[in-house]
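Me: Could you walk me through one part of this model in detail, and then tie it to the rest of the chain? I'd like the local geometry first and the wider setting afterwards.

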Amino acid sequence: MSKRTTLPAVALALAATLVAGACGSAGTNSPAGQGGGDGVFPVKIEHKYGTTEITKRPQRVVTLGLSDHETALALDVKPVGVVDWFKERPFGVFPWQKEKWAGTEPTIVGERDDINMEKVASLRPDLVIAGYSGIKKEQYETLTKLNIPVVAQSAKHPDYATPWEEMARTIGKALGKDKELDAKITALKDRFAKIRADHPEWARQTALVADTVQPGVYAAFAAHDPKLAFLLDLGFQTPDRLRQAPKEQNIIEVGSEGLPDLFEVDRLIWLTEDASLEKKVKADPVYQRLKVFQDKRDMFVPYNEPPIGAAISFNTVLSMPYALEHLVPLLVNAKK
């Protein structure tokens, strides 16, 4: 499937679907039409490509952002379509999502920003959410020309750099569940506040979240990336270089020679796909000379099994409670 889909092809696909579904309509029994809400419609939401008006409570929702479906799930809305993230199949894989999907499998409509517009249209959505995404204007216009309301990414931030709370509130408003969402955010922020109060020493410590994809090349996540943003919410500080990184840049890569200048922090957290990464990193002679390594203040945290790394990568109102439950004890018990 080409990244560029012509409007006529999408229109034909949608028209065929509408004819096939003419005998019925999406009501409260459709996948997204669950639970009561507190929002008042119509609502207008500003975003990167303009303003979208949502005239009534959405019943069939498609999410095009990598983590948007989690916020919807937290509000008991099961999207009928989602995008994949690194082929992880976002339904039912992670424990914080599994119960919410309850055996339902949404249609995969693309991977990251490579969206199959025919698939999106065929699902007959009455709302498309693309908050944590990088969809292009032509993709947005393809859907809006089919009278599908689309809430695109924020105009206030570069793609993939909108703070989690702002994205969550936008989704809550679009779904008509803003008060319910506010309550979840308040409860979550209270948990963060209590942890910061219990560990005031973290406010005096610098932290960094890192990964590596090839030997001798190391990536530090910028402060606006969800993974480091999670640690900052816990009270940690981070090097200025990561705070001042351009918003369009989620990672800063360095070679072995760059480790002393950036990676010499109080808490160094590596996100690992498998155990071999830890061995490779620790085999680097430059890394072995870092005090954070010598003092055993580095940690290797898995993306999966258990999926702590995945939880802070999504960094949503649905995944963060899991991350708090599993990562905080590791930080507390690690060598100070």
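What follows is a close look at one strand and its surroundings. Which strand does β1 pair with, and in what sense? And what kind of peptide bond joins phenylalanine 41 and proline 42?

Reply: Sure, but keep in mind that this is a predicted model, so let's start with how far to trust it. The protein chain averages a pLDDT of 88, and 86% of the residues score at least 70. The stretch leading up to your strand is another matter: pLDDT stays under 50 over residues 1-37. The model does have 54 contacts beyond four places in sequence for that stretch, but I'd read those with the low scores in mind.

Now the run-in to β1. Phenylalanine 41 sits in the loop between α1 (7-20) and β1 (43-47), and proline 42 is in that loop too. The bond between phenylalanine 41 and proline 42 is cis, with omega at about 5°. That's worth flagging because most peptide bonds are trans. Phenylalanine 41 also has plenty of company from elsewhere in the sequence. Beyond four places along the chain, its contacts are Ile54, Thr55, Lys56, Arg57, Pro58, Ala174, Leu175 and Gly176. Take threonine 55 from that list: 14 residues separate it from phenylalanine 41 in sequence, yet the C-alpha to C-alpha distance is 5.6 Å.

On to the strand itself. β1 pairs with strand β2 (residues 50-54) in the antiparallel sense, over 5 bridges. A hairpin through 2 residues links β1 to β2. If you want one register point to check, lysine 44 stands opposite glutamate 53 in β2. The two faces of β1 look quite unlike each other: Val43, Ile45 and His47 make up the covered face, while Lys44 and Glu46 make up the uncovered one. That fits a simple rule, because side chains in a regular strand alternate between the two faces of the sheet.

The cis bond has a counterpart further along. Glutamate 305 and proline 306 are also joined by a cis peptide bond, with omega at about -10°. Proline 306 belongs to the loop between β13 and α14 (308-314). The strand before that loop, β13 (residues 298-302), is mostly covered, with 4 of its 5 residues buried. β13 pairs with strand β12 (residues 267-272) in the parallel sense, over 5 bridges, with leucine 268 opposite aspartate 298.

While we're on backbone oddities, two residues have an unusual phi. Asparagine 147, which is not a glycine, has a positive phi of about 65°, and tyrosine 160 has a positive one near 65° as well. They stand out because most residues other than glycine have a negative phi. Their settings are opposite, though. Asparagine 147 is in the loop between α5 (137-144) and β8 and counts as exposed because its relative accessibility is 71%. Tyrosine 160 is in the loop between β8 and α6 and counts as buried because its relative accessibility is 11%. That loop also holds threonine 162, which is buried too, at 9% relative accessibility. Setting aside residues up to four places away, threonine 162 touches Ser154, His157 and Met167.

Finally, the wider setting. The protein chain comes to 15 helices and 13 strands, and buried residues make up 54% of its 336 residues. Long-range packing shows up in the contacts: among those between residues at least 6 apart in sequence, 68% join residues at least 24 apart. The largest nonpolar core has 106 residues, and those touching the most other members are Leu64, Phe230, Leu231, Leu234, Phe263 and Trp270. The largest share of this core, 7 residues, is supplied by α15. Helix α15 (residues 320-333) reaches 20 Å from its first C-alpha to its last. The helix has a kink of about 30° at leucine 327, shortly before proline 329. Leucine 327 is also among the buried residues of α15, which include Met320 and Leu331.

Note on methods:
Residues numbered from 1 in each chain as written. Predicted model: local features only at pLDDT ≥ 70, side-chain atom pairs only at ≥ 80, totals over all residues. Heavy atoms only, no water. Expected span 1.5 Å × (residues − 1). Bend = angle between axes of the 7 residues up to and from the residue. Buried < 20%, exposed > 50% of the residue type's maximum accessible area, 1.4 Å probe, protein only. Core = buried A, V, L, I, M, F, W, Y, C linked by side-chain atoms within 4.5 Å. Pairing = 2+ DSSP bridges. Contact = heavy atoms within 4.5 Å. pLDDT = per-residue confidence, 0-100.
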